[in-house]
Amino acid sequence: MIRSVMKDVIFLNQKSEPATEADKQVVQDLLDTLKANEAGCVGMAANMIGVRKRVIAVSMGFANIAMINPVIVKKSGAYETEEGCLSLTGVRKTTRYKDIEVEFQDINFNKQCQKFSGWIAQIIQHEVDHCDGIVI
């Protein structure tokens, strides 16, 4: 189900709680909402649809994937950039990392550990920040 995008900064600044298999509908809603907003959005976190759970959805270019309970376990290659957010107006400066390694559960709640670089890594970092209550 496509949900409205949360714009309340006080809500967005709250840390998200771990997701469980009971949150499968949240995962699907997040993927549906990302698809509906793909013209101006490449990633979303569950708090952006009003749910404080550690779930993100990322556009990989060819497909949108969900990451449940993502944690960045390694990062290297710091650089400065500016980012926008569907929940906020304008852009803000931030530090990101060119290469990251992420531990997460996939849509079937199987544990994964994958490496990402470049643009995809930047999107993941932005959405993990959302899970941690950091709004950029």
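**Exercise 1. In this predicted model, find how many bridges join S1 to S2 and in which direction the two strands run.**

Start with the pair itself: S1 and S2 are joined by three bridges and run antiparallel. Next, pick out one position along the pairing: alanine 45 stands opposite isoleucine 56 in S2.

Now step across to the other neighbour of S2. Here five bridges join S2 to S3, and this pair is antiparallel. A handy marker is alanine 57, whose bridge partner in S3 is alanine 66.

Finally, look at the connection. S2 and S3 make a hairpin with four residues between them. In the turn, glycine 61 has a positive phi of about 95 degrees.

**Exercise 2. Work out which residues of S2 point one way and which point the other way.**

Begin with the general pattern: side chains in a regular strand alternate between the two faces of the sheet. Then apply the idea to S2: Val55, Ala57 and Ser59 point one way, while Ile56 and Val58 point the other way.

As a last step, check the burial. Five of the five residues of S2 are buried, leaving the strand mostly covered.

**Exercise 3. Test whether the length of helix H3 agrees with its number of residues, then describe what surrounds the helix.**

First, the span. H3 covers residues 118-131, which is 14 residues, and at 1.5 Å a residue the helix should span 20 Å. The C-alpha atoms at its ends are 20 Å apart, so the two values agree.

Second, the burial, for which you need the cut-off of under 20% relative accessible area. Twelve of the 14 residues of H3 are buried, so the helix is largely enclosed by the rest of the structure. Among these buried residues are Ile120, Ile124, Val128 and Cys131, along with the charged Glu127 and Asp129.

Third, the partners. The buried residues of H3 pack against helix H1 (9-12) and against strands S1 (43-45), S2 (55-59), S3 (64-84), S4 (91-105) and S5 (111-117).

Fourth, what comes after: H3 is followed by glycine 133, whose positive phi is near 80 degrees.

**Exercise 4. Describe the largest pocket by its volume and its lining.**

Take the volume first: it is about 220 Å³. Then turn to the lining, which is made of 15 residues. Of these, Val42, Gly84, Cys85, His126 and Glu127 lie nearest the centre of the pocket.

Next, sort the lining by element. S3 and H3 each supply at least two residues, and H3 gives the most, with five. Then sort by chemistry: the lining has seven nonpolar, five polar and three charged residues.

The two exercises meet at His126 and Glu127, which are buried residues of H3 and are among those nearest the pocket centre.

**Exercise 5. Decide whether aspartate 23 and isoleucine 72 are buried or partly exposed, and list their contacts.**

Aspartate 23 sits in the loop between H1 and helix H2 (24-36). Its relative accessible area is 10%, so aspartate 23 is buried. Beyond its neighbours within four places in sequence, aspartate 23 is in contact with Pro18 and Lys53.

Isoleucine 72 lies in strand S3. With a relative accessible area of 26%, isoleucine 72 is partly exposed. Not counting residues up to four places away in sequence, isoleucine 72 touches Ile100, Glu101, Val102, Gln125 and Val128. Among these, Gln125 and Val128 are buried residues of H3.

For a sense of distance, compare isoleucine 72 with phenylalanine 11: they are 61 residues apart in sequence and 23 Å apart in space, C-alpha to C-alpha.

Notes. Residues numbered from 1 in each chain as written. Predicted model: local features only at pLDDT ≥ 70, side-chain atom pairs only at ≥ 80, totals over all residues. Heavy atoms only, no water. Expected span 1.5 Å × (residues − 1). Buried < 20%, exposed > 50% of the residue type's maximum accessible area, 1.4 Å probe, protein only. Contact = heavy atoms within 4.5 Å. 1 Å grid on protein atoms, 1.4 Å probe; cavity = no way out; pocket = protein on both sides within 12 Å on 5 of 7 lines; lining within 4 Å. Points joined across faces, edges and corners; volume = space filled by probe spheres on them. Pairing = 2+ DSSP bridges.
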